[in-house]
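Trainee: Could you take me through one part of this molecule closely, starting from a single residue in its interior and working outwards? I would like to see how each detail connects to the next.

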Amino acid sequence: GLKHGTNKASDRHDYLSRYEPFFEPMRDQPIHILEFGVDKGASMRTWLEYFPNALVVGVDHFNPARFKPDDPRCVVVIDDQLHAHDNADVRMHSPYHIIIDDGGHHNNEVIETFCAMWSKTIPENSLYIIEDLNYSYKETYNQPGYKISAQQWLSSIVLNEIHWEGSTRWANRKDGLEELKCPLTKRLRFMHWTKYNLIIGL
C-alpha cells in the first residue's frame, strides 16, 4: 500500500493491516475484485500486486484520464455506483469474491449499492467491505429525506440475523421516502467492524 500511495496503507487509515487476515487465504486464487471509487488508481495497483491471479474491476464516474490501467487484469468502468449493478461491463466479470465500497460515502449510496450488489454478484465465501462509515454521521453525506445513517442500517442487519435465523430475512428501515428492503437470501458468516469500516463475510 505504501508503495502505491493508497490511503488504505499504514501511514493513513491503516485499513490494509485489518484486511490482511481476511485477504491472505484468497491471495493466490483466481478471484474477481470490484472496487467502487478509483480516483488515481492507488488501491487498484495495490490489489493487482497483492493478488497476482486476480481480475480487478474499478467503478468511478471520474475523468478516465486520471487513471489508465496498463495491466490486462485491470478494468475501469465509468459509471455511477448506484447504476453499476446494471452495467454490462460490471456484470460481465461477476461474480465478485471481494467488493470494496470506497465510493461516494453518502448514506443512500452505501445502502442502495449494498442491496443491489448483494443479491446479484456475490458468491459464497466472499467479502463485502464498506469503508469510511464515519461519513454516515455527517449531515452533508445524508440524502434529503433519509432518517437513518448507513451505520445504523447496517447494524439492523445484525438484529435481523439474530431474531430471524433460519427464515427469510429482511433489513427493513424507513428512509423517509420509501421502505428499503434488502433480502438477505444468503447466510452471513460474520460482520466485523473496525475503525471507520465494516467487513462482511458471506
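Mentor: Ile200 is a good place to begin: leaving aside its neighbours within four places in sequence, it is in contact with Phe114, Trp118, Ser126, Leu127, Tyr128, Leu188, Phe190 and Met191, where contact means heavy atoms within 4.5 Å. Before we go on, keep in mind that this is a predicted model, in which local features need pLDDT of at least 70 and side-chain atom pairs count only at pLDDT 80 or more, while totals for chains, interfaces and linings use all residues. Residues are numbered from 1 along each chain as its sequence is written, and side-chain values use heavy atoms, with hydrogens and water left out.

Next to Ile200 in sequence you can find Gly201, which is part of strand 9; helices (H or I, at least four residues) and strands (E, at least two) are DSSP runs, numbered from the N terminus. Gly201 is buried, with a relative accessible area of 0%, and here buried means under 20% relative accessible area, exposed over 50%, and partly exposed in between, with a 1.4 Å probe and protein chains only. Not counting residues up to four places away in sequence, Gly201 touches Ser126, Leu127, Leu188, Arg189 and Phe190. The C-alpha atoms of Gly201 and Asn125 are separated by 6.8 Å, although these two residues are 76 apart along the chain. Asn125 itself lies in the loop between helix 4 and strand 5, and its phi is near 60°, a positive value in a residue other than glycine. Asn125 is exposed, because its relative accessible area is 54%.

Let us now widen the view to the core. A nonpolar core is a set of buried Ala, Val, Leu, Ile, Met, Phe, Trp, Tyr and Cys residues joined through side-chain atoms within 4.5 Å. The largest one has 30 residues, and those with the most contacts inside it are Leu34, Ile99, Tyr128, Trp153, Leu154 and Ile200, the residue from which we set out. Two or more residues of this core come from each of strand 1 (32-36), strand 2 (55-60), helix 4 (107-121), strand 5 (127-130), helix 5 (150-163) and strand 9 (197-201). Helix 4 gives the most to this core, with six residues. Apart from this largest core lies another, of 24 residues, among them Met44, Phe62, Ile129 and Ile199.

The loop between strand 5 and helix 5 deserves a careful look as well. Leu133 has its place in this loop, and it counts as buried because its relative accessible area is 3%. Leaving aside neighbours within four places in sequence, Leu133 is in contact with Val110, Ala150, Gln151, Leu154, Trp193, Tyr196, Asn197 and Leu198. Leu133 and Lys195 are 62 residues apart in sequence, yet 8.6 Å apart in space, C-alpha to C-alpha. Asp132 is placed in that loop between strand 5 and helix 5 too; it has a positive phi of about 60° although it is not a glycine, and it is buried, with a relative accessible area of 9%.

Met44, which we met in the other core, leads us to helix 2, whose buried residues are Ala42, Ser43, Met44, Thr46, Trp47, Leu48 and Tyr50. Seven of the nine residues of helix 2 are buried, so this helix is largely enclosed by the rest of the structure. Its buried residues pack against helix 1, strand 1, strand 2, strand 3 (74-78) and strand 4 (98-101). Helix 1 (residues 15-23) and helix 2 (residues 42-50) pack at an angle of about 35°, with their axes 14 Å apart; axes are lines fitted to C-alpha atoms, for helices over the stretch in contact, and angles run from 0 to 180 degrees between N-to-C directions. The contact is made by Leu16, Tyr19, Glu20 and Phe23 of helix 1 and by Thr46, Trp47 and Tyr50 of helix 2.

Finally, consider the whole protein, which has five helices and nine strands. Buried residues make up 49% of its 202 residues, and among contacts between residues at least 6 apart in sequence, 60% join residues at least 24 apart.
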